[in-house]
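Me: Hey, I have a structure open and I'd like to go through it with you. Can we start with what sits around the ligands?

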Amino acid sequence: MAELAGRPGRRTFSGIKPSGHLTLGNYLGAMRHWVEEEQHRADALFCVVDLHALTVEHDPARVRRLSRQTATLLLAAGLDPELCTVFVQSHVDEHARLSYLMECTAADGEMRRMIQYKEKAAREAARGRSVRLSLLTYPALMAADILAYGTDEVPVGDDQTQHVELCRDLALRFNQRYGPVFRVPRASYPQVAARVMDLRDPTVKMGKSHAETSGIVYLLDEPDAVRRKVMRAVTDSGAEGGMEYDPQERPGVANLLDVLAACTGGKPQELAEEYTSYGALKKDTAEAVVELLRPLRRRHAELCAEPSYMEGVLREGAERARALARPRVDAAYAAVGLLPPG
Ligand code: AMP
Ligand code: TRP
């Protein structure tokens with residue numbers, strides 16, 4: 001396969017779950033960083049991590065549809081298959097193969113400490129559903145995703161900090177036990193909007209699988225839906241005084257300032273000084289988001305008209321990913337003492 005243009009030796013890997021429609025949080029916290037920086041600076045792989053979407057109850061047809069849509073939106077947002085590798089996790093067996101070795105490296109206790117596990121397990125239990133074992137072991141698969149590629153950098157939103165830390169611990173532990181097989185990666189975050197909060201409840205992140213959707217801007221929302229959601233954002237009612245940027249005390253206003261700053265390239269603290277009314281802040285934020293999403297929506301519609309192009313991109317992406325992952329996963333299998341097949 002031809003050398004990729006944006007590839008000066010440093011490797012980047014990141015993933016996104018097809019567990020719901022992608023949100024503004026996904027875009028500002030992760031995808032934009034991939035498009036504008038990572039694909040140009042490094043040999044970058046971006047993965048639709050479909051196996052991770054099976055850790056909670058799911059509808060097979062919906063996962064299939066969302067996997068296709070997520071991949072299409074990655075390209076619509078500006079990932080360029082000439083510069084980087086875009087693929088679907090389940091197309092490359094190495095992820096699941098290595099995940100087992102990560103489960104053999106991790107301890108039960110460190111998995112149970114993961115905040116995301118605790119929150120999601122509680123949510124499943126509250127709905128009267130059983131908690132899948134894969135929800136607990138999820139960080140082992142995520143570590144495998146990252147380590148299989150000799151990844152240096154993992155660009156994510158800040159909700160993934162704990163998982164990437166665990167991945168580092170597993171890489172170090174494995175290397176110490178069995179020899180130097182893995183590179184030890186680090187997480188990187190965008191400077192603004194590393195955590196976009198729900199517009200109706202700014203104490204929780206804007207999450208694509210939340211049941212209540214009025215505070216979530218989806219990337220494919222119509223402009224009027226975006227405007228309506230932003231105009232109805234909660235702005236810390238009861239808080240007196242000017243328009244300070246204070247994420248602790250005034251999370252609703254701070255979130256709008258973060259989003260506006262991320263869209264316009266400004267600084268949230270400085271933008272705060274330019275506004276005297278919440279109405280004006282919301283209106284400008286709404287328009288900034290609508291403009292940000294406009295080209296993405298257009299490109300998404302174009303790509304949907306060419307399904308065979310998308311299939312080709314994903315097929316080639318998987319081939320390249322497989323070729324990159326295979327030798328390292330084979331080396332890990334040999335290092336732990338498994339007999340190489342002939
Ligand atoms: P997920 O939707 O959990 O598959 O996340 C995919 C990527 O988007 C990860 O890097 C997350 O950290 C990031 N992300 C998801 N939700 C948000 C959010 N509300 N704010 C910032 N980043 C987010
Ligand atoms: N756990 C990530 C999330 O929920 C998705 C993910 C899976 C990922 N594997 C990854 C992110 C590898 C970065 C690298 O957002």
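Reply: Sure. One bit of wording before we start: a residue is near a molecule if one of its heavy atoms lies within 4 Å of it. Also keep in mind that this is a predicted model.

Me: Okay, so how many residues surround ligand 1, and which are the closest?

Reply: Ligand 1 is surrounded by 17 residues. The closest are Lys 17, Gly 157, Asp 159, Val 196 and Lys 208.

Me: Which atoms of Val 196 and Lys 208 come up to the ligand?

Reply: For Val 196 it's the backbone: an N or O atom there lies 2.8 Å from a nitrogen atom of ligand 1. For Lys 208 it's the side chain, with an N or O atom 2.6 Å from an oxygen atom of ligand 1. Met 206 joins in too, with a polar backbone atom 2.9 Å from a nitrogen atom of the ligand.

Me: And how much of ligand 1 does the protein cover?

Reply: On its own, ligand 1 has 480 Å² of accessible area, and the protein covers 96% of that. As for where it is, ligand 1 sits in the largest pocket.

Me: Which helix gives the most to the shell around ligand 1?

Reply: That's α1, with four residues. Both β1 and α1, which spans 24-41, supply at least two residues each.

Me: What's the mix of residue classes in that shell?

Reply: Around ligand 1 there are six nonpolar, six polar and five charged residues.

Me: Cool, now ligand 2. Where does it sit?

Reply: Ligand 2 sits in the largest pocket. Its shell has 13 residues, and the closest are Lys 17, Tyr 138, Met 142, Asp 145 and Gln 160. You've met Lys 17 already, in the list of closest residues for ligand 1.

Me: Which side chains have an N or O atom by a nitrogen of ligand 2?

Reply: Tyr 138 has one at 2.5 Å from a nitrogen atom of the ligand, and Asp 145 has one at 2.7 Å. You can add Gln 160, where a polar side-chain atom lies 3.0 Å from a nitrogen atom of ligand 2. Taken alone, ligand 2 exposes 370 Å², and the protein buries 93% of that.

Me: What about helices and classes for this one?

Reply: α6 gives the most here, with four residues. β1 (11-16) and α6 (133-147) each supply at least two. By class, the shell around ligand 2 has seven nonpolar, four polar and two charged residues.

Me: Switching topic: how many salt bridges are there?

Reply: The count comes to 26. One of them joins the side chains of Glu 57 and Arg 129, at 3.6 Å from N to O.

Me: Why does that pair tie together parts that are far along the chain from each other, and how many residues apart are they?

Reply: Glu 57 is in the loop between β2 and α2, while Arg 129 is in the loop between α5 and α6, so the pair links parts 72 residues apart in sequence.

Conventions: Residues are numbered from 1 along each chain as its sequence is written. Chains are lettered from A and ligands numbered from 1 in the order in which they are written. This is a predicted model: local features need pLDDT of at least 70, side-chain atom pairs count only at pLDDT 80 or more; totals for chains, interfaces and linings use all residues. Side-chain values use heavy atoms; hydrogens and water are left out. A polar contact is a pair of N or O atoms within 3.5 Å; within protein, one must be able to donate a hydrogen and the other to accept it, and residues adjacent in sequence count only if both atoms are side-chain atoms. Accessible areas come from the Shrake-Rupley method with a 1.4 Å probe; for residues, only the protein chains shown count as cover. On a 1 Å grid over the protein atoms alone, a cavity is a set of points where a 1.4 Å probe fits but cannot get out, and a pocket is an open set with protein on both sides within 12 Å along at least five of seven lines; lining residues have an atom within 4 Å of a point. A molecule sits in a cavity or pocket if more than half of its atoms lie within 2 Å of its grid points. Ala, Val, Leu, Ile, Met, Phe, Trp, Tyr, Cys and Pro count as nonpolar, Asp, Glu, Lys and Arg as charged, and the others, Gly among them, as polar. A salt bridge is a side-chain nitrogen of Lys or Arg within 4 Å of a carboxyl oxygen of Asp or Glu.
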